[in-house]
Amino acid sequence: WEIYSYTQTWNILNIQAYKYPPTFFYLVYAIFMSSMIFIYIEEFKDIKNEKSIKSIKFLGSSTMWIYLWHIPAVYYFQNYTNWIYYLWKYLRVLAFAISLTIIQQAFFRQILRIKFLSDNSKKNIKAIFMW
């Protein structure tokens, strides 16, 4: 679709216009990416490096919070920075969201050490704010 659009109009397609609500374009992308993950999942089973395993587990279990933390950063870059190239914006938003998720989890690990919290409260905090 992108290639076709570019050859017809000589402009890059604004894929953000198809994001909310999700259109056929995004559904096809999601199915394609899910299929690629399913096909190549065996490759990830062979990873032996402990840091890589921890990183994959962190990203896999924290995607909701990374997604939620990226929203204010995207808003900021859309409204207050026109001069930054898209790739730099993307990398900064990603770094911001991952960093805040790490900070959030470290904060709640400290909260869970408080002795007067009930086991039920600790379980709820873990379920909501941590992996």
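Is Arg 92 buried, partly exposed or exposed? In this predicted model, Arg 92 has a relative accessible area of 42% and is therefore partly exposed, since that class lies between the limits of 20% for buried and 50% for exposed residues. The residue belongs to helix α5, and an account of its surroundings begins with the chain as a whole.

The protein chain contains six helices and zero strands. Read from the N terminus, its elements follow the order α-α-α-α-α-α. Of the 131 residues in the chain, 16% are buried. Among the contacts with a separation of 6 or more, 42% join residues that stand 24 or more positions apart.

Attention may now turn to one pair of helices. Two packed helices are described by the angle between their axes and the distance between the axes. Helix α4 spans residues 63-80 and helix α5 spans residues 86-112. Their axes lie 8 Å apart, and the packing angle is about 135°. Angles over 145 degrees would count as roughly antiparallel and those from 65 to 115 as roughly perpendicular; α4 and α5 are therefore oblique to each other. The crossing of these two helices is right-handed.

The residues that form this packing can be named on both sides. Helix α4 contributes Trp 65, Ile 66, Trp 69, His 70, Ala 73, Val 74 and Phe 77. From helix α5 come Lys 89, Arg 92, Val 93, Phe 96, Ala 97, Ile 98, Leu 100, Thr 101 and Gln 104. By class, the residues of the contact of α4 with α5 comprise eleven nonpolar, three polar and two charged.

Arg 92 is thus one of the α5 residues that meet α4. Its C-alpha atom is separated by 9.4 Å from that of Val 74, a residue 18 positions away along the chain. Val 74 is itself among the α4 residues in the contact.

Gln 104, also in helix α5, is another member of the contact. What is its burial state? Gln 104 has a relative accessibility of 7% and so counts as buried, because the limit for that class is under 20%. When residues up to four places away in sequence are not counted, Gln 104 touches Trp 65, Trp 69 and Phe 129. Trp 65 and Trp 69 are both listed on the α4 side of the packing. With Phe 129 there is a further detail: a polar atom of the Gln 104 side chain lies 3.0 Å from the backbone oxygen of Phe 129.

Two residues of α5 in the contact with α4 can thus be set side by side: Arg 92 is partly exposed, whereas Gln 104 is buried.

Key: Residues are numbered from 1 along each chain as its sequence is written. This is a predicted model: local features need pLDDT of at least 70, side-chain atom pairs count only at pLDDT 80 or more; totals for chains, interfaces and linings use all residues. Side-chain values use heavy atoms; hydrogens and water are left out. Axes are lines fitted to C-alpha atoms, for helices over the stretch in contact, and angles run from 0 to 180 degrees between N-to-C directions. Helices (H or I, at least four residues) and strands (E, at least two) are DSSP runs, numbered from the N terminus. Angles under 35 degrees count as roughly parallel, over 145 as roughly antiparallel, 65 to 115 as roughly perpendicular and the rest as oblique. A crossing is left-handed if the near helix is turned anticlockwise from the far one by less than a right angle, and right-handed if clockwise. Contact means heavy atoms within 4.5 Å. Ala, Val, Leu, Ile, Met, Phe, Trp, Tyr, Cys and Pro count as nonpolar, Asp, Glu, Lys and Arg as charged, and the others, Gly among them, as polar. Buried means under 20% relative accessible area, exposed over 50%, partly exposed in between (1.4 Å probe, protein chains only). A polar contact is a pair of N or O atoms within 3.5 Å; within protein, one must be able to donate a hydrogen and the other to accept it, and residues adjacent in sequence count only if both atoms are side-chain atoms.
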